[in-house]
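Me: I'd like a close look at one part of this model, and a connected walk outward from there. Could you take me through it?

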Amino acid sequence: MATRVYIVYYSMYGHVEKLAEEINKGASSVEGVEAKLWQVPETLPDEVLSKMGAPLKSDVPIITPNELAEADGILFGFPTRFGMMCAQFKAFLDATGGLWRAQQLAGKPAGIFYSTGSQGGGQETTPLTAITQLAHHGMIFVPVGYTFGAGMFEMENVKGGSPYGAGTYAGDGSRFPTELELEQAFHQGKYFANIVKKFKGSS
């Protein structure tokens with residue numbers, strides 16, 4: 001039976017979605033792994049989103065909290081808001097109380113990827129503060145560490161991401177993930193999928 005990896009994300013302007021797509025490619029490249037993209041529900045009304053200049057959502061399906069239990073491993077992606085995950089993603093996780101009560105996510109590997117507006121805007125605090133959600137569910141946090149190699153030490157160009165996971169900078173919204181950031185996202189997906197596959201094989 002295939003190892004199921006879910007990539008669950010929220011993306012208002014498309015930056016996190018670009019990372020998610022590349023992570024999905026990386027996870028899908030691992031033999032025996034079935035990766036799937038999911039979006040969390042939007043909490044803002046269309047009128048507000050329109051005023052904020054947010055584009056229409058893609059056709060990636062919307063996940064319900066209970067569907068998380070189907071996965072063998074989950075990668076969570078979100079933009080930052082003041083150094084923490086956005087309210088839309090927090091609202092989704094707040095709805096997982098039933099899973100927590102039944103401990104249905106306990107022992108499942110989990111990873112994080114993210115987008116921030118600037119270099120000091122939360123590339124480390126965003127994933128770091130999100131780990132509390134994983135801990136309360138008893139999930140096993142799988143950071144990418146420095147397994148991406150030389151790409152982790154890029155100093156000549158602006159690069160998002162950290163040992164916690166793949167990342168990008170949105171800036172004023174016009175900047176999208178660079179080739180190097182997308183490469184790290186692909187790597188994270190592949191690295192994470194291999195670990196989830198090992199976990200499942202040993203259980």
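In strand S2, which residue is the bridge partner of Ile7?

Reply: Happy to. Please keep in mind that this is a predicted model. The bridge partner of Ile7 in S2 is Leu37. That pair belongs to a longer ladder: strand S1, residues 3–9, and S2 run parallel and are joined by seven bridges. Another pair in the ladder is Val5 with Ala35 of S2. Between these two strands the chain passes through helix H1, residues 15–28, and the resulting β-α-β crossover is right-handed.

Now look at how the two strands are covered. In S1, six of the seven residues are buried, so the strand is largely enclosed by the rest of the structure. S2, spanning residues 33–39, is mostly covered as well, with five of its seven residues buried. As a reminder when you look at the side chains, a regular strand has them alternating between the two faces of the sheet.

S1 has a further neighbour. Strand S3, residues 73–81, pairs with S1 in the parallel sense over five bridges. Here Val8 stands opposite Phe76 of S3. So far, then, S1 has parallel pairings with S2 and with S3.

Following the chain out of S3 brings us to Phe82, in the loop between S3 and strand S4 (84–85). Its backbone deserves a look, since most residues other than glycine have a negative phi. Phe82 has a positive phi, near 55°. Phe82 also counts as exposed, because its relative accessibility is 90%, and the cut-off for exposed is over 50%.

A little further on is helix H3, residues 87–94, where Gln88, Phe89, Phe92 and Leu93 are buried. These four residues cover an arc of only 135° around the axis, which puts them on the same side of H3. The face turned away from that buried side carries Ala87 and Asp94, both exposed.

Gln103 offers a second backbone of this kind: it is not a glycine, yet its phi is positive, at about 55°. You will find Gln103 in the loop between helix H4 (97–102) and strand S5. With a relative accessible area of 39%, Gln103 is partly exposed.

S5 itself, residues 109–116, contains Phe113. This residue has 0% relative accessibility, so Phe113 counts as buried. From Phe113 to Leu180 there are 67 residues in sequence and 15 Å in space, C-alpha to C-alpha.

Helix H5, residues 125–137, has a buried set made up of Thr126, Pro127, Ala130, Leu134 and His137. Seen down the axis of H5, these buried residues fall within an arc of 75°, so they line one face of the helix. Ala135 and His136 are exposed on the other side of H5.

Last comes the empty space. The largest pocket holds about 250 Å³. Its lining consists of 17 residues, and those nearest the centre are Met152, Glu154, Lys159, Gly160 and Gly161. By type, the lining divides into seven nonpolar, seven polar and three charged residues.

To return to your starting point: Ile7 has Leu37 as its partner in S2, and S1 is largely enclosed, as six of its seven residues are buried.

Methods:
Residues numbered from 1 in each chain as written. Predicted model: local features only at pLDDT ≥ 70, side-chain atom pairs only at ≥ 80, totals over all residues. Heavy atoms only, no water. Buried < 20%, exposed > 50% of the residue type's maximum accessible area, 1.4 Å probe, protein only. Pairing = 2+ DSSP bridges. Right-handed = clockwise from strand over helix to strand, strands pointing away. 1 Å grid on protein atoms, 1.4 Å probe; cavity = no way out; pocket = protein on both sides within 12 Å on 5 of 7 lines; lining within 4 Å. Points joined across faces, edges and corners; volume = space filled by probe spheres on them. Nonpolar A, V, L, I, M, F, W, Y, C, P; charged D, E, K, R; others polar. Arc of directions from axis to C-beta.
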